[in-house]
Amino acid sequence: MWNRDEVRGKADQVKGKIKEQIGKAADDEKLRNEGTADKAAGNVEEAFGKGRRKVGETLNDLGDKIGR
């Protein structure tokens, strides 16, 4: 199950890709660069969310093992 950070990261990646494509089509370097930055930020946010999820899953597994 995805968490909020992963979803926001994916959304930022999509937003960045769209900005990049529009920037390329319009020959707008500023918009293209914004798109690249949005995609990079989305990648970081998604990775952070995945890490958070993995830690949570590990803690739950550990709790289950201790609770036995």
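This report walks through a predicted model of a small helical protein, from its overall build down to single residues.

## Overall build

Secondary structure here is a short list: the protein has 2 helices and 0 strands. Lay the C-alpha atoms along the principal axes and they fill a box of roughly 60 × 15 × 10 Å. The radius of gyration tells a matching story, coming out at 17 Å, whereas a compact globule of 68 residues would be near 11 Å.

With that outline, burial is worth a look: 21% of the 68 residues count as buried. The accessible surface adds up to about 5,100 Å², and carbon and sulfur atoms own 57% of that. As for contacts, take those in the protein with a separation of 6 or more: 58% of them are between residues 24 or more positions apart.

## Helix H2 and its cover

Helix H2 runs over residues 29-66, which makes 38 residues. From the first C-alpha to the last, H2 reaches 55 Å, close to the 56 Å expected at 1.5 Å a residue. At its N-terminal end H2 is capped by Asp28, with a side-chain oxygen 3.1 Å from the backbone nitrogen of Lys30.

Which residues of H2 are buried? They are Gly35, Asp38, Gly42, Glu45, Glu46 and Gly49. Helix H1 (4-25) is part of what covers them.

## Glu6, a buried acid on H1

Glu6 sits in helix H1, and its relative accessible area is 1%, so it counts as buried. Once you set aside neighbours within four places in sequence, Glu6 is in contact with Met1, Glu45, Glu46, Gly49, Lys50 and Arg53. Two of the names on that contact list, Glu45 and Glu46, also turn up among the buried residues of H2.

One of those contacts comes with a charge pairing. The side chains of Arg53 and Glu6 form a salt bridge, at 2.8 Å from N to O. Because Arg53 belongs to helix H2 and Glu6 to helix H1, this pair ties together parts that are 47 residues apart in sequence.

## Lys10, further along H1

Lys10 is also a residue of helix H1, but here the side of the story is less hidden: at 32% relative accessibility, Lys10 counts as partly exposed. Not counting residues up to four places away in sequence, Lys10 touches Trp2 and Glu46.

Across the chain, Lys10 can be paired up with Asn43. These two are 33 residues apart along the chain, and their C-alpha atoms are separated by 7.4 Å.

## Salt bridges

How many salt bridges does the structure hold? The count is 12. As background, side chains of opposite charge can pair when their charged atoms come close.

Besides the link to Glu6, Arg53 has a salt bridge with Glu57, at 3.7 Å from N to O. Arg53 and Glu57 are 4 residues apart in helix H2, so about one helical turn separates them. Glu57 is partly exposed, its relative accessible area being 34%. Elsewhere, salt bridges that share partners join Asp5, Arg8, Glu45 and Arg52 into one network.

Glu34 and Lys30 make another pair, with their side chains meeting in a salt bridge at 4.0 Å from N to O. These two are likewise 4 residues apart in helix H2, which puts about one helical turn between them. Glu34 counts as partly exposed at 30% relative accessibility, while Lys30 counts as exposed at 60%. Lys30 is a residue with two roles in this account, given that its backbone nitrogen is also the one facing the Asp28 cap.

## The loop between the helices

Asp27 lies in the loop between H1 and H2. Is Asp27 buried or exposed? With a relative accessible area of 65%, Asp27 is exposed.

The backbone is the odd part. Most residues other than glycine have a negative phi. Asp27 is not a glycine, yet its phi is positive, at about 55°.

Notes: Residues are numbered from 1 along each chain as its sequence is written. This is a predicted model: local features need pLDDT of at least 70, side-chain atom pairs count only at pLDDT 80 or more; totals for chains, interfaces and linings use all residues. Side-chain values use heavy atoms; hydrogens and water are left out. The expected span of a helix is 1.5 Å times one less than its number of residues. Buried means under 20% relative accessible area, exposed over 50%, partly exposed in between (1.4 Å probe, protein chains only). Contact means heavy atoms within 4.5 Å. A polar contact is a pair of N or O atoms within 3.5 Å; within protein, one must be able to donate a hydrogen and the other to accept it, and residues adjacent in sequence count only if both atoms are side-chain atoms. The radius of gyration is taken over C-alpha atoms; the globule rule is 2.2 Å times the number of residues to the power 0.38. Accessible areas come from the Shrake-Rupley method with a 1.4 Å probe; for residues, only the protein chains shown count as cover.
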